[in-house]
Amino acid sequence: MKNKVVTLLLLVISWLTLPASAQLEQSVRLEFKVNQSLEEYFDVTPLDEDGLLVTQRKEEYFKKEKWTFYRFDNLLKQRWMSEFTLEDQLHPIKSYHNQHFLYWLLQETDTDKVMVLRLDLQNGETETFKGDLHTRADIVHFKVLGNVAFIGGYHNSRPMVMAFSFFDKSVKALPFLYTTNTEISNLELDEQQNQLHVLLYTTKRGDCHFSIKTYSYEGKLVKTTAMPFENDNGLITGKILPLDESSSLIVGNYAQGCTQYSQGLYFSRIKDAEPEGFQWVDFSKLENFFNYLKPKRKQRVVEKISKQKEEGKEPKFRYRMLVHDIIKNGEEFILVAEVYYPVYKSGNMYYGGGRSNIHREYDAFRYTHAIVCGFDKSGKLLWDNCFALENVENIELLPMVQVTRRDGLLVLAYPKEEKIHTEVIERSRVVREKEIHELKTAVEGEKIVDSEQGVLAAWYDRFFVAYGYQKVGGEKWASGSRDVFYVNKLSYDPNAPRPDAKEEAKKEN
(Lines give C-alpha, C1' and ligand atoms only; values in the text may rest on other atoms or scores of the structure.)
Protein backbone atom coordinates (compact mmCIF):
# COMPACT_ATOMS: atom_id res chain seq x y z
CA MET A 1 0.00 0.00 0.00
CA LYS A 2 2.80 2.44 0.83
CA ASN A 3 4.49 1.82 -2.54
CA LYS A 4 1.20 2.49 -4.28
CA VAL A 5 0.89 5.82 -2.48
CA VAL A 6 4.39 6.96 -3.41
CA THR A 7 3.94 6.01 -7.08
CA LEU A 8 0.64 7.87 -7.37
CA LEU A 9 1.98 11.01 -5.75
CA LEU A 10 4.94 11.12 -8.09
CA LEU A 11 2.48 11.17 -10.97
CA VAL A 12 0.01 13.78 -9.82
CA ILE A 13 1.68 16.02 -7.24
CA SER A 14 4.77 18.15 -7.29
CA TRP A 15 5.76 19.53 -3.87
CA LEU A 16 7.52 22.82 -4.34
CA THR A 17 9.19 25.23 -1.93
CA LEU A 18 8.71 28.86 -2.90
CA PRO A 19 10.88 31.88 -2.20
CA ALA A 20 9.45 34.46 0.18
CA SER A 21 7.95 37.62 -1.32
CA ALA A 22 7.81 41.02 0.36
CA GLN A 23 4.43 41.10 2.11
CA LEU A 24 2.72 37.87 1.08
CA GLU A 25 4.95 34.89 1.65
CA GLN A 26 4.26 31.84 -0.50
CA SER A 27 6.10 29.13 1.38
CA VAL A 28 4.84 25.85 -0.12
CA ARG A 29 2.91 24.92 -3.26
CA LEU A 30 1.26 21.63 -4.22
CA GLU A 31 0.25 20.86 -7.77
CA PHE A 32 -2.08 18.12 -8.99
CA LYS A 33 -2.17 17.39 -12.70
CA VAL A 34 -5.62 17.86 -14.19
CA ASN A 35 -6.81 15.63 -17.01
CA GLN A 36 -9.06 17.72 -19.23
CA SER A 37 -10.48 14.63 -20.95
CA LEU A 38 -12.13 13.43 -17.71
CA GLU A 39 -14.70 14.86 -15.35
CA GLU A 40 -12.46 15.77 -12.43
CA TYR A 41 -13.05 17.91 -9.33
CA PHE A 42 -10.94 18.94 -6.36
CA ASP A 43 -11.96 20.14 -2.90
CA VAL A 44 -9.76 21.50 -0.11
CA THR A 45 -10.73 21.22 3.56
CA PRO A 46 -8.55 23.28 5.96
CA LEU A 47 -8.16 21.53 9.32
CA ASP A 48 -6.65 24.34 11.42
CA GLU A 49 -3.23 23.43 12.84
CA ASP A 50 -3.77 19.77 11.96
CA GLY A 51 -3.16 20.52 8.27
CA LEU A 52 -5.59 20.10 5.40
CA LEU A 53 -7.34 17.52 3.25
CA VAL A 54 -7.47 17.48 -0.56
CA THR A 55 -10.29 15.47 -2.13
CA GLN A 56 -10.00 14.44 -5.78
CA ARG A 57 -13.17 13.19 -7.47
CA LYS A 58 -12.53 11.61 -10.85
CA GLU A 59 -14.84 9.89 -13.31
CA GLU A 60 -13.93 6.23 -13.84
CA TYR A 61 -15.15 3.65 -16.35
CA PHE A 62 -18.90 2.99 -16.57
CA LYS A 63 -19.51 6.44 -15.06
CA LYS A 64 -18.31 5.44 -11.61
CA GLU A 65 -16.41 8.01 -9.58
CA LYS A 66 -13.19 7.30 -7.75
CA TRP A 67 -12.51 9.57 -4.80
CA THR A 68 -8.95 9.99 -3.56
CA PHE A 69 -8.29 11.71 -0.24
CA TYR A 70 -4.84 13.23 0.42
CA ARG A 71 -4.09 14.28 3.98
CA PHE A 72 -1.29 16.81 4.57
CA ASP A 73 0.14 18.35 7.74
CA ASN A 74 0.43 22.13 8.11
CA LEU A 75 3.79 22.08 6.28
CA LEU A 76 1.95 20.43 3.37
CA LYS A 77 3.83 17.16 3.80
CA GLN A 78 1.71 14.14 3.00
CA ARG A 79 0.54 11.99 5.92
CA TRP A 80 -1.64 9.45 4.12
CA MET A 81 -3.78 8.75 1.07
CA SER A 82 -7.08 6.88 0.91
CA GLU A 83 -9.39 5.83 -1.93
CA PHE A 84 -13.13 5.26 -2.23
CA THR A 85 -15.21 4.21 -5.26
CA LEU A 86 -18.66 5.72 -5.43
CA GLU A 87 -21.58 3.41 -6.16
CA ASP A 88 -23.70 3.92 -9.27
CA GLN A 89 -26.59 6.38 -9.03
CA LEU A 90 -25.15 8.23 -6.03
CA HIS A 91 -24.21 11.88 -6.31
CA PRO A 92 -22.72 14.21 -3.66
CA ILE A 93 -24.99 16.85 -2.08
CA LYS A 94 -23.26 18.44 0.93
CA SER A 95 -20.14 17.98 3.08
CA TYR A 96 -19.38 18.75 6.70
CA HIS A 97 -16.33 18.23 8.90
CA ASN A 98 -15.33 18.45 12.52
CA GLN A 99 -12.04 17.80 14.29
CA HIS A 100 -12.16 14.04 13.75
CA PHE A 101 -14.16 13.26 10.59
CA LEU A 102 -15.14 14.51 7.15
CA TYR A 103 -18.69 13.62 6.13
CA TRP A 104 -20.24 13.61 2.68
CA LEU A 105 -23.99 13.36 2.18
CA LEU A 106 -24.85 11.54 -1.05
CA GLN A 107 -28.27 10.95 -2.58
CA GLU A 108 -29.44 8.26 -4.95
CA THR A 109 -30.79 9.57 -8.25
CA ASP A 110 -34.61 9.84 -8.36
CA THR A 111 -35.13 8.15 -4.99
CA ASP A 112 -35.40 9.07 -1.30
CA LYS A 113 -32.35 6.99 -0.37
CA VAL A 114 -29.22 8.67 0.99
CA MET A 115 -25.78 7.61 2.11
CA VAL A 116 -23.31 9.28 4.43
CA LEU A 117 -19.62 8.69 3.76
CA ARG A 118 -17.49 9.17 6.88
CA LEU A 119 -13.73 9.66 6.50
CA ASP A 120 -11.49 9.34 9.56
CA LEU A 121 -9.11 12.31 9.36
CA GLN A 122 -6.47 10.56 11.44
CA ASN A 123 -5.94 7.44 9.32
CA GLY A 124 -8.03 7.75 6.15
CA GLU A 125 -10.42 4.88 6.94
CA THR A 126 -13.86 5.21 5.37
CA GLU A 127 -17.25 3.96 6.49
CA THR A 128 -20.67 4.35 4.89
CA PHE A 129 -24.18 4.56 6.36
CA LYS A 130 -27.27 4.10 4.20
CA GLY A 131 -30.73 5.38 5.02
CA ASP A 132 -34.11 6.29 3.52
CA LEU A 133 -35.63 9.74 4.04
CA HIS A 134 -39.08 8.30 3.14
CA THR A 135 -39.92 11.51 1.33
CA ARG A 136 -38.45 13.54 -1.51
CA ALA A 137 -36.75 16.70 -0.28
CA ASP A 138 -34.65 19.54 -1.64
CA ILE A 139 -31.66 19.31 0.71
CA VAL A 140 -30.06 22.59 1.78
CA HIS A 141 -28.40 21.93 5.17
CA PHE A 142 -26.24 19.08 6.51
CA LYS A 143 -24.58 18.85 9.92
CA VAL A 144 -23.35 15.89 12.01
CA LEU A 145 -23.40 15.70 15.79
CA GLY A 146 -21.84 12.56 17.24
CA ASN A 147 -23.41 9.65 15.36
CA VAL A 148 -26.46 11.54 14.07
CA ALA A 149 -26.65 13.41 10.77
CA PHE A 150 -29.15 16.29 10.63
CA ILE A 151 -30.42 16.86 7.09
CA GLY A 152 -32.42 20.02 6.46
CA GLY A 153 -34.42 20.97 3.40
CA TYR A 154 -37.90 21.43 1.96
CA HIS A 155 -40.77 19.15 0.98
CA ASN A 156 -43.70 20.76 -0.83
CA SER A 157 -42.17 24.15 0.09
CA ARG A 158 -42.33 23.31 3.80
CA PRO A 159 -39.20 23.00 5.96
CA MET A 160 -38.12 19.70 7.39
CA VAL A 161 -35.09 18.44 9.30
CA MET A 162 -34.40 14.71 9.41
CA ALA A 163 -32.26 13.00 12.07
CA PHE A 164 -30.36 10.07 10.55
CA SER A 165 -28.83 7.73 13.16
CA PHE A 166 -25.66 5.89 12.13
CA PHE A 167 -26.28 3.23 14.81
CA ASP A 168 -29.59 1.76 13.67
CA LYS A 169 -29.91 3.57 10.28
CA SER A 170 -33.22 5.06 11.44
CA VAL A 171 -34.49 8.35 9.99
CA LYS A 172 -37.03 10.53 11.77
CA ALA A 173 -38.36 14.03 11.24
CA LEU A 174 -37.79 16.60 13.97
CA PRO A 175 -41.19 17.76 15.32
CA PHE A 176 -42.85 21.20 15.08
CA LEU A 177 -41.06 22.28 11.89
CA TYR A 178 -43.30 21.30 8.99
CA THR A 179 -45.20 24.57 8.66
CA THR A 180 -46.09 26.86 5.78
CA ASN A 181 -44.35 30.14 4.88
CA THR A 182 -41.23 29.20 6.86
CA GLU A 183 -37.58 29.08 5.83
CA ILE A 184 -34.66 27.41 7.57
CA SER A 185 -32.15 30.20 8.09
CA ASN A 186 -29.46 27.90 9.45
CA LEU A 187 -28.62 24.79 11.45
CA GLU A 188 -26.25 25.46 14.36
CA LEU A 189 -24.59 22.81 16.55
CA ASP A 190 -23.83 23.17 20.25
CA GLU A 191 -21.32 20.40 20.84
CA GLN A 192 -20.91 21.32 24.51
CA GLN A 193 -24.59 20.73 25.25
CA ASN A 194 -25.02 18.08 22.52
CA GLN A 195 -27.86 20.04 20.95
CA LEU A 196 -29.03 21.31 17.57
CA HIS A 197 -30.42 24.82 16.98
CA VAL A 198 -32.76 25.27 14.02
CA LEU A 199 -33.10 28.96 13.09
CA LEU A 200 -36.41 29.73 11.37
CA TYR A 201 -37.78 32.74 9.47
CA THR A 202 -41.58 32.77 9.17
CA THR A 203 -43.93 35.15 7.35
CA LYS A 204 -47.69 35.05 7.85
CA ARG A 205 -50.37 37.60 6.94
CA GLY A 206 -47.81 40.35 6.45
CA ASP A 207 -45.99 39.65 9.71
CA CYS A 208 -42.59 37.99 10.05
CA HIS A 209 -41.07 36.09 12.95
CA PHE A 210 -37.61 34.74 13.71
CA SER A 211 -37.33 31.87 16.16
CA ILE A 212 -34.87 29.24 17.34
CA LYS A 213 -35.95 25.69 18.05
CA THR A 214 -33.44 23.72 20.13
CA TYR A 215 -33.41 19.92 19.89
CA SER A 216 -31.67 17.28 21.95
CA TYR A 217 -29.27 14.76 20.47
CA GLU A 218 -32.21 12.31 20.37
CA GLY A 219 -34.31 14.75 18.32
CA LYS A 220 -36.66 15.97 21.06
CA LEU A 221 -37.67 19.65 21.20
CA VAL A 222 -35.97 21.19 24.25
CA LYS A 223 -37.05 24.83 23.93
CA THR A 224 -38.27 27.47 21.53
CA THR A 225 -36.78 30.97 21.62
CA ALA A 226 -38.91 33.68 20.03
CA MET A 227 -36.76 36.60 18.88
CA PRO A 228 -38.21 40.13 19.15
CA PHE A 229 -39.82 42.19 16.40
CA GLU A 230 -39.33 45.72 17.68
CA ASN A 231 -40.08 49.05 15.98
CA ASP A 232 -40.71 47.22 12.70
CA ASN A 233 -37.24 45.60 12.96
CA GLY A 234 -37.24 41.90 12.10
CA LEU A 235 -34.31 39.48 12.14
CA ILE A 236 -33.16 37.96 8.83
CA THR A 237 -30.28 35.69 9.87
CA GLY A 238 -28.51 34.64 13.04
CA LYS A 239 -25.20 33.12 14.10
CA ILE A 240 -25.08 31.51 17.55
CA LEU A 241 -22.02 31.28 19.76
CA PRO A 242 -22.48 29.22 22.97
CA LEU A 243 -20.95 30.82 26.08
CA ASP A 244 -21.89 28.46 28.90
CA GLU A 245 -24.60 25.96 29.85
CA SER A 246 -27.39 28.54 29.96
CA SER A 247 -26.34 31.42 27.71
CA SER A 248 -25.26 32.16 24.14
CA LEU A 249 -24.52 35.10 21.89
CA ILE A 250 -26.52 35.64 18.73
CA VAL A 251 -25.60 38.15 16.02
CA GLY A 252 -26.81 38.77 12.48
CA ASN A 253 -28.60 41.22 10.24
CA TYR A 254 -32.11 42.64 10.42
CA ALA A 255 -34.56 44.39 8.13
CA GLN A 256 -37.24 47.05 8.48
CA GLY A 257 -40.43 45.16 7.80
CA CYS A 258 -40.63 41.69 6.32
CA THR A 259 -37.99 41.81 3.61
CA GLN A 260 -34.62 40.19 2.98
CA TYR A 261 -32.90 43.58 2.62
CA SER A 262 -30.68 44.52 5.53
CA GLN A 263 -31.17 47.69 7.54
CA GLY A 264 -28.34 46.92 9.96
CA LEU A 265 -26.85 44.46 12.44
CA TYR A 266 -28.09 43.20 15.79
CA PHE A 267 -26.28 41.80 18.83
CA SER A 268 -27.80 40.02 21.81
CA ARG A 269 -27.34 37.44 24.54
CA ILE A 270 -29.76 34.55 24.99
CA LYS A 271 -30.12 33.26 28.55
CA ASP A 272 -32.47 30.38 29.34
CA ALA A 273 -34.32 30.80 26.02
CA GLU A 274 -34.87 34.53 26.58
CA PRO A 275 -33.05 37.20 24.50
CA GLU A 276 -31.68 40.09 26.54
CA GLY A 277 -29.67 43.27 25.98
CA PHE A 278 -30.70 43.62 22.35
CA GLN A 279 -28.74 46.12 20.23
CA TRP A 280 -30.08 47.36 16.89
CA VAL A 281 -27.24 48.97 14.91
CA ASP A 282 -28.38 50.44 11.60
CA PHE A 283 -25.65 50.98 9.06
CA SER A 284 -25.51 54.75 9.63
CA LYS A 285 -24.32 54.05 13.19
CA LEU A 286 -21.27 52.19 11.94
CA GLU A 287 -18.33 54.55 11.78
CA ASN A 288 -16.77 53.09 8.64
CA PHE A 289 -19.62 51.42 6.76
CA PHE A 290 -19.51 53.79 3.75
CA ASN A 291 -15.71 53.84 3.38
CA TYR A 292 -15.97 51.58 0.31
CA LEU A 293 -17.40 54.52 -1.64
CA LYS A 294 -15.29 57.11 -3.41
CA PRO A 295 -14.83 60.23 -1.21
CA LYS A 296 -17.31 62.50 -3.02
CA ARG A 297 -19.95 59.78 -3.21
CA LYS A 298 -19.44 58.95 0.47
CA GLN A 299 -19.83 62.63 1.42
CA ARG A 300 -23.14 62.90 -0.45
CA VAL A 301 -24.49 59.76 1.23
CA VAL A 302 -23.44 60.88 4.72
CA GLU A 303 -24.92 64.35 4.18
CA LYS A 304 -28.21 62.85 2.99
CA ILE A 305 -28.41 60.64 6.09
CA SER A 306 -27.62 63.58 8.38
CA LYS A 307 -30.37 65.65 6.75
CA GLN A 308 -32.90 62.81 7.19
CA LYS A 309 -32.06 62.54 10.89
CA GLU A 310 -32.36 66.33 11.36
CA GLU A 311 -35.86 66.07 9.88
CA GLY A 312 -36.71 63.31 12.34
CA LYS A 313 -36.65 60.59 9.70
CA GLU A 314 -34.87 57.27 10.08
CA PRO A 315 -32.62 56.46 7.10
CA LYS A 316 -33.70 53.45 5.05
CA PHE A 317 -31.20 50.90 3.79
CA ARG A 318 -31.72 47.96 1.44
CA TYR A 319 -28.60 45.81 1.27
CA ARG A 320 -28.26 42.11 0.62
CA MET A 321 -25.83 40.70 3.14
CA LEU A 322 -23.93 37.43 3.62
CA VAL A 323 -23.03 36.95 7.30
CA HIS A 324 -20.01 34.78 8.15
CA ASP A 325 -19.49 32.53 11.16
CA ILE A 326 -18.29 34.31 14.28
CA ILE A 327 -14.52 34.43 14.96
CA LYS A 328 -13.18 34.37 18.51
CA ASN A 329 -10.25 36.77 18.97
CA GLY A 330 -9.02 36.78 22.56
CA GLU A 331 -11.68 38.37 24.73
CA GLU A 332 -13.49 39.79 21.71
CA PHE A 333 -15.59 38.29 18.96
CA ILE A 334 -15.42 39.29 15.31
CA LEU A 335 -18.28 39.40 12.82
CA VAL A 336 -17.59 39.63 9.08
CA ALA A 337 -20.44 40.29 6.65
CA GLU A 338 -20.31 40.96 2.91
CA VAL A 339 -22.65 43.16 0.90
CA TYR A 340 -23.58 41.78 -2.51
CA TYR A 341 -26.18 41.89 -5.27
CA PRO A 342 -27.08 39.50 -8.10
CA VAL A 343 -26.05 40.24 -11.68
CA TYR A 344 -28.02 39.06 -14.69
CA LYS A 345 -26.88 38.12 -18.18
CA SER A 346 -28.87 40.95 -19.72
CA GLY A 347 -26.42 43.34 -18.08
CA ASN A 348 -29.15 44.85 -15.91
CA MET A 349 -28.59 44.60 -12.17
CA TYR A 350 -31.03 44.24 -9.32
CA TYR A 351 -29.83 46.39 -6.44
CA GLY A 352 -31.96 47.50 -3.55
CA GLY A 353 -35.22 48.92 -4.86
CA GLY A 354 -33.94 49.24 -8.40
CA ARG A 355 -35.29 47.83 -11.65
CA SER A 356 -36.22 44.15 -11.70
CA ASN A 357 -37.14 41.81 -14.56
CA ILE A 358 -38.32 38.34 -13.64
CA HIS A 359 -37.43 37.04 -17.11
CA ARG A 360 -33.73 37.89 -16.88
CA GLU A 361 -31.30 35.02 -16.55
CA TYR A 362 -29.15 35.02 -13.42
CA ASP A 363 -25.39 35.16 -14.01
CA ALA A 364 -23.44 35.68 -10.76
CA PHE A 365 -23.18 37.52 -7.46
CA ARG A 366 -21.19 40.76 -7.26
CA TYR A 367 -19.69 41.87 -3.95
CA THR A 368 -19.20 45.55 -3.08
CA HIS A 369 -17.62 45.51 0.40
CA ALA A 370 -17.31 43.71 3.70
CA ILE A 371 -17.88 45.06 7.17
CA VAL A 372 -15.83 43.80 10.11
CA CYS A 373 -17.11 44.36 13.65
CA GLY A 374 -15.82 43.55 17.12
CA PHE A 375 -18.12 42.89 20.08
CA ASP A 376 -17.79 41.52 23.62
CA LYS A 377 -19.46 38.71 25.59
CA SER A 378 -22.39 40.93 26.51
CA GLY A 379 -23.14 41.59 22.83
CA LYS A 380 -21.89 45.18 22.97
CA LEU A 381 -20.50 46.54 19.71
CA LEU A 382 -16.92 47.73 20.28
CA TRP A 383 -15.66 48.82 16.85
CA ASP A 384 -16.25 48.47 13.12
CA ASN A 385 -14.27 48.67 9.91
CA CYS A 386 -14.81 48.31 6.15
CA PHE A 387 -13.01 46.47 3.35
CA ALA A 388 -13.86 47.34 -0.27
CA LEU A 389 -14.18 44.52 -2.81
CA GLU A 390 -13.59 45.76 -6.32
CA ASN A 391 -15.66 44.08 -9.07
CA VAL A 392 -15.52 40.70 -7.39
CA GLU A 393 -17.99 38.16 -8.78
CA ASN A 394 -18.73 34.54 -8.02
CA ILE A 395 -21.26 32.09 -9.42
CA GLU A 396 -22.07 30.77 -5.93
CA LEU A 397 -22.87 32.94 -2.94
CA LEU A 398 -19.88 32.05 -0.79
CA PRO A 399 -17.74 34.04 1.69
CA MET A 400 -14.96 35.81 -0.20
CA VAL A 401 -13.19 37.85 2.49
CA GLN A 402 -10.97 35.82 4.82
CA VAL A 403 -9.37 36.93 8.10
CA THR A 404 -6.14 35.89 9.81
CA ARG A 405 -4.32 37.42 12.78
CA ARG A 406 -0.71 38.53 13.20
CA ASP A 407 0.96 40.66 15.88
CA GLY A 408 -2.36 41.85 17.25
CA LEU A 409 -3.55 42.92 13.78
CA LEU A 410 -6.23 41.51 11.50
CA VAL A 411 -5.26 40.69 7.92
CA LEU A 412 -8.23 40.86 5.54
CA ALA A 413 -7.86 39.24 2.12
CA TYR A 414 -9.85 38.06 -0.88
CA PRO A 415 -8.92 36.40 -4.22
CA LYS A 416 -9.47 37.79 -7.67
CA GLU A 417 -8.18 35.88 -10.66
CA GLU A 418 -4.57 34.92 -9.85
CA LYS A 419 -4.11 37.79 -7.37
CA ILE A 420 -4.73 38.25 -3.65
CA HIS A 421 -5.98 41.61 -2.33
CA THR A 422 -5.11 42.44 1.27
CA GLU A 423 -5.73 45.12 3.87
CA VAL A 424 -4.52 45.23 7.48
CA ILE A 425 -6.59 46.71 10.29
CA GLU A 426 -6.28 47.26 14.01
CA ARG A 427 -9.89 47.40 15.15
CA SER A 428 -11.37 50.56 13.52
CA ARG A 429 -8.02 51.79 12.19
CA VAL A 430 -6.57 50.83 8.80
CA VAL A 431 -2.91 50.01 9.36
CA ARG A 432 -2.02 49.12 5.77
CA GLU A 433 -4.21 50.10 2.86
CA LYS A 434 -5.08 47.71 0.08
CA GLU A 435 -2.23 45.81 -1.55
CA ILE A 436 -2.36 43.43 -4.51
CA HIS A 437 -0.16 40.34 -4.65
CA GLU A 438 0.32 37.96 -7.55
CA LEU A 439 0.30 34.23 -6.99
CA LYS A 440 3.43 32.72 -8.44
CA THR A 441 4.47 29.31 -9.63
CA ALA A 442 7.57 27.70 -8.12
CA VAL A 443 9.68 27.42 -11.26
CA GLU A 444 11.67 30.37 -12.50
CA GLY A 445 10.62 31.35 -16.01
CA GLU A 446 7.23 29.70 -15.62
CA LYS A 447 4.10 31.84 -15.65
CA ILE A 448 0.37 31.52 -15.05
CA VAL A 449 -1.31 31.48 -18.46
CA ASP A 450 -4.87 31.25 -17.18
CA SER A 451 -6.61 31.01 -13.82
CA GLU A 452 -10.15 30.16 -12.75
CA GLN A 453 -12.20 29.31 -9.66
CA GLY A 454 -9.56 30.67 -7.29
CA VAL A 455 -10.44 30.28 -3.62
CA LEU A 456 -8.82 31.76 -0.53
CA ALA A 457 -9.43 30.39 2.97
CA ALA A 458 -8.18 31.38 6.39
CA TRP A 459 -6.23 28.39 7.64
CA TYR A 460 -4.65 28.67 11.11
CA ASP A 461 -2.77 31.34 13.04
CA ARG A 462 -1.49 33.84 10.44
CA PHE A 463 -1.75 31.51 7.45
CA PHE A 464 -4.05 31.44 4.44
CA VAL A 465 -4.43 28.68 1.89
CA ALA A 466 -5.14 29.57 -1.75
CA TYR A 467 -6.28 26.97 -4.24
CA GLY A 468 -7.92 26.56 -7.62
CA TYR A 469 -7.27 25.68 -11.24
CA GLN A 470 -4.49 27.17 -13.37
CA LYS A 471 -2.89 26.72 -16.74
CA VAL A 472 0.86 27.23 -16.32
CA GLY A 473 3.71 27.16 -18.76
CA GLY A 474 7.02 28.69 -19.77
CA GLU A 475 10.30 28.16 -21.57
CA LYS A 476 11.27 25.18 -19.41
CA TRP A 477 8.15 23.22 -20.38
CA ALA A 478 8.89 21.87 -23.84
CA SER A 479 5.43 20.32 -24.15
CA GLY A 480 3.79 23.71 -23.64
CA SER A 481 1.32 24.68 -20.97
CA ARG A 482 -0.18 22.24 -18.46
CA ASP A 483 -3.34 22.23 -16.39
CA VAL A 484 -3.00 21.93 -12.63
CA PHE A 485 -4.98 22.19 -9.43
CA TYR A 486 -2.76 24.16 -7.05
CA VAL A 487 -2.63 24.59 -3.28
CA ASN A 488 -0.51 27.49 -1.95
CA LYS A 489 0.32 28.14 1.69
CA LEU A 490 0.44 31.90 2.30
CA SER A 491 1.24 34.21 5.19
CA TYR A 492 1.22 38.00 5.32
CA ASP A 493 3.88 40.09 7.05
CA PRO A 494 2.45 43.52 7.96
CA ASN A 495 5.96 44.79 8.77
CA ALA A 496 7.39 44.11 5.31
CA PRO A 497 7.95 47.10 2.99
CA ARG A 498 5.34 47.85 0.35
CA PRO A 499 7.31 49.11 -2.67
CA ASP A 500 4.80 49.35 -5.50
CA ALA A 501 1.52 48.28 -3.93
CA LYS A 502 -0.30 51.57 -4.51
CA GLU A 503 0.82 51.72 -8.14
CA GLU A 504 -0.36 48.15 -8.69
CA ALA A 505 -3.73 49.00 -7.15
CA LYS A 506 -4.10 51.99 -9.54
CA LYS A 507 -3.30 49.81 -12.54
CA GLU A 508 -5.77 47.15 -11.37
CA ASN A 509 -8.57 49.70 -11.19
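This report covers the confidence of the model and the surroundings of strand 4.

**Confidence**

The model is predicted. The protein has an average pLDDT of 89. A score of at least 70 is reached by 89% of the residues. Where is confidence lowest, and where is it highest? Helix 1, residues 2-12, has the lowest mean, 38. Strand 13, residues 158-165, has the highest, 98.

Two stretches deserve caution. Over residues 1-12, pLDDT stays under 50. The model gives these residues 15 contacts beyond four places in sequence. Over residues 349-358, pLDDT also stays under 50. Here the model has 21 contacts beyond four places in sequence.

**Strand 4 and its partners**

Strand 4 spans residues 52-59. Is this strand mostly covered or mostly open? Mostly covered: six of its eight residues are buried.

Strand 4 pairs with strand 3 and with strand 5. The table sets out both pairings.

| Pair | Direction | Bridges | One facing pair |
|---|---|---|---|
| Strand 3 (residues 40-46) and strand 4 | antiparallel | seven bridges | Pro46 and Leu52 |
| Strand 4 and strand 5 (residues 65-72) | antiparallel | eight bridges | Thr55 and Phe69 |

Look at the facing residues. Pro46 stands opposite Leu52, which belongs to strand 4. Thr55 has Phe69, in strand 5, as its bridge partner.

Now follow the chain from strand 3 to strand 4. The two strands form a hairpin. Five residues lie between them. Which residue in the turn has a positive phi? It is Asp48, with a phi of about 55°.

Notes. Residues numbered from 1 in each chain as written. Predicted model: local features only at pLDDT ≥ 70, side-chain atom pairs only at ≥ 80, totals over all residues. Heavy atoms only, no water. pLDDT = per-residue confidence, 0-100. Helix = DSSP H or I, 4+ residues; strand = E, 2+ residues; numbered from the N terminus. Contact = heavy atoms within 4.5 Å. Buried < 20%, exposed > 50% of the residue type's maximum accessible area, 1.4 Å probe, protein only. Pairing = 2+ DSSP bridges.
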